[in-house]
Structures are given as structure tokens and as C-alpha cells.
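Reader: I would like to learn how to read a structure feature by feature. Could we go through one together?
Author: Gladly; here it is.

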Amino acid sequence: MIFKVAILQMRSENRAYEDNIKMIIKNMTEAKINNADILLLPECFMTGYDLTIENDAAISESDLAVLCDKAKELGVGIVATALTKGNVKPQNSAFVIGKHGEILMKYSKVHTCDFADERVLESGTEFKVCDLDGVKIGIMICYDREYPESARILMLKGAEIILVPNDCVSMRPRLQALSTRAYENMCGVAMANPNGKNAGNSYAYSPICWDNNDECVANTLLLADAETEGLFYAAFDMDAIRKYREREMMGNTFRKVKAYSDLLSDKIQYPFKRSRK
């Protein structure tokens, strides 16, 4: 079974909701023509990444109706991203819409960038996994990927493929980190990032890092350049990934969880203390 992800490398327009929806539908249609199972958008694509938005102006699930209808018409899934209504403040969210037009999951970014403009947002409180036609999908959004616990929890919840809506620059160390997330959790990973100088580099990594003869193999399925705008594709061989997960020793095979209690401490010590802006 091949699970094909269409990855959109493009920047949307702030507050241009209708134009952004038209662009999403255009790319959903192209993704379907190219036999993709799901379209992955960069971070906050529907609304634009405009953090001055008020909670009342952010979108809700009802605003996704046109994308749900188009997903059902085309038979293609989508990870739709937007600033969404929270309890008090907006959230940075991703909706996984299935091929039959149903909303399978809403995930809101847990690791908001509280050191910067995202301190005005309401953080999500849990990592989630859903089933898209037999493939277990987890979502991380941008800064979530900097914490190995994010991908680890998704793996523990059953994720086979982790999709990462993103919007940032200086990607080289982040690409290395996410290749490692794929390796250590035995999950496929794909990221969509807007194009631009020192940006872009949308990518996909297989978790398979050696073959049956213990020979190392390249796990990069896709690595886009920085400035090209458009759709890129990554095909995950789910049969091969599942066989690899059954035999190899990463993931949740030999973890010594009794030694991990410090991970749940919220104490911050030097040199990691920071003042709030």
C-alpha cells in the first residue's frame, strides 16, 4: 500500500480567506489528478499567519464546509490549517479531513512560540492521532517539532505517519531533527513550509534507515529547494514501513520508562530560564 502525500510549498495571504480557499481547492484538484491521498498545507494557510486576529474573527469547524465538500467530491484528504476560535484566545490548528468529507481530527498546536508573537495564542493541550483509510496520522505544528516528546507521544498513540504544517526559516537543523524523529519513532514524517529566501525546504522522510542486510539506506523521500512554489509529492510504502516497524528496535520496543520521571517535571533551571516578553 502506497500512501501518497501532496505537500504544498506556498505562502498564503493574511485575512484573504476566500482567495486562500480557492487556492486550496486548486491544489486539492491537482493533488487528486496526481493520485495523492492527502494534501498537506503549511501552517495557518486558510487565514494567513496573522497573529493580530481576534478570537471572534478566527475560524470554526463550520467554516470548513466547502473543503469538506470538495474532499468528498474529489476523494482526497487534506490537512487544513488556520487560526481557529479557542476558549478565550485564538489557536493555531490543523484539521484532518478525510476522503469522504468528514473531519477526522482537530489538533491545536501545543508548543506555541511563547517567546515570540505566538504568546497571544491559546495552546493546545494534547497530541492526537486519527485513522485515514487505514493509515494512522499524527500532526505536529512547526515549533512542536523542536521537542522530541511531541513525536514520541504520537508514536505511542499509534501514529505511522506524522504530518507537519510549518512556517519558519533556517531549516537545515530542523530537517536534521525531523529525520531523527522519523528514525527514532519508526514513523514517516512530512513537512510543508512556505517558499521564500531561507525558507521552503519542504521534505518527507521514511523511517527506514537500513535494509534487511543491515546496510544503511537513504531515508529522504523528498527535499524541496527554498524558493520554488508549488506542489511536491512523497510516497510512503506502508507495507515496507509496517514490516520494518515489526522487526526493528526503536519506537516503543525496549524503552526504560521507569527512568523517565524527570520528563514530567516543570522545573526550569539555568541556563534555560527565560523572562516573558
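Reader: Let's begin with the cysteines. How many disulfides does the count come to?
Author: One thing to keep in mind as we go: this is a predicted model. To call a disulfide, we look for two cysteine sulfur atoms within 2.5 Å. By this rule the count here is zero.

Reader: Which cysteine sulfur is nearest to that of Cys142, and how far away is it?
Author: The nearest is the sulfur of Cys168, at 4.2 Å, and Cys142 is in no disulfide. Because that 4.2 Å separation is too far for a bond, Cys168 is not linked to Cys142, its closest cysteine by sulfur position.

Reader: Are Cys142 and Cys168 buried or exposed?
Author: For this we use relative accessible area, and under 20% is called buried. Cys142 has 5%, so it is buried. Cys168 has 15%, so it is buried too.

Reader: Where is Cys142 in the chain, and what is its phi?
Author: Cys142 sits in the loop between β7 and α3. Its phi is positive, about 45 degrees, although Cys142 is not a glycine. Cys44 is also worth a look: its phi is near 55 degrees, again positive in a residue other than glycine. Cys44 belongs to the loop between β2 (38–40) and α2 (65–74), and it is buried, with a relative accessible area of 1%.

Reader: On to backbone geometry of another kind. Which residues does a cis peptide bond join?
Author: The value to check is omega. Between Tyr270 and Pro271 omega is about 10 degrees, and the bond is cis. Pro271 lies in the segment after α5 (238–247).

Reader: Now the sheet. What is the order of the strands in the open sheet of six?
Author: Reading a sheet starts with listing which strand sits beside which. Here the order is β6-β7-β8-β9-β10-β11, and the pairing is mixed. At the edges are β6 and β11 (220–223), each of which pairs on one side only. Neighbouring strands are turned by 20 degrees against each other on average, with direction ignored.

Reader: In what sense do β7 and β8 pair?
Author: They pair in the parallel sense, over three bridges, with β7 covering residues 135–139 and β8 covering residues 161–165. To follow one bridge on screen, pick Gly138, whose partner in β8 is Ile162.

Reader: Which strands does α4 lie across?
Author: α4 lies across β9 (188–192), β10 (203–205) and β11, and its direction is at about 30 degrees to β10.

Reader: At what angle do α3 and α4 pack?
Author: For a helix pair, take the angle and the axis distance together. Helix α3 (residues 148–156) and helix α4 (residues 172–185) pack at about 35 degrees, with axes 10 Å apart. Their crossing is right-handed. On the α3 side the contact uses Pro148, Ala151, Arg152 and Met155, and on the α4 side Arg181, Glu184 and Asn185. By type, the contact residues are three nonpolar, one polar and three charged.

Reader: One last residue: where does Phe115 lie?
Author: Phe115 is in the loop between β5 (103–108) and β6 (129–132). The range between 20% and 50% is called partly exposed; with a relative accessible area of 45%, Phe115 is therefore partly exposed. To place Phe115 against another part of the chain, try Thr47: the two are 68 residues apart in sequence and 22 Å apart in space, C-alpha to C-alpha.

Methods. Residues numbered from 1 in each chain as written. Predicted model: local features only at pLDDT ≥ 70, side-chain atom pairs only at ≥ 80, totals over all residues. Heavy atoms only, no water. Axes fitted to C-alpha atoms, helices over the stretch in contact; angles between N-to-C directions. Helix = DSSP H or I, 4+ residues; strand = E, 2+ residues; numbered from the N terminus. Left-handed = near helix turned anticlockwise from the far one by under 90°. Contact = heavy atoms within 4.5 Å. Nonpolar A, V, L, I, M, F, W, Y, C, P; charged D, E, K, R; others polar. Buried < 20%, exposed > 50% of the residue type's maximum accessible area, 1.4 Å probe, protein only. Pairing = 2+ DSSP bridges.
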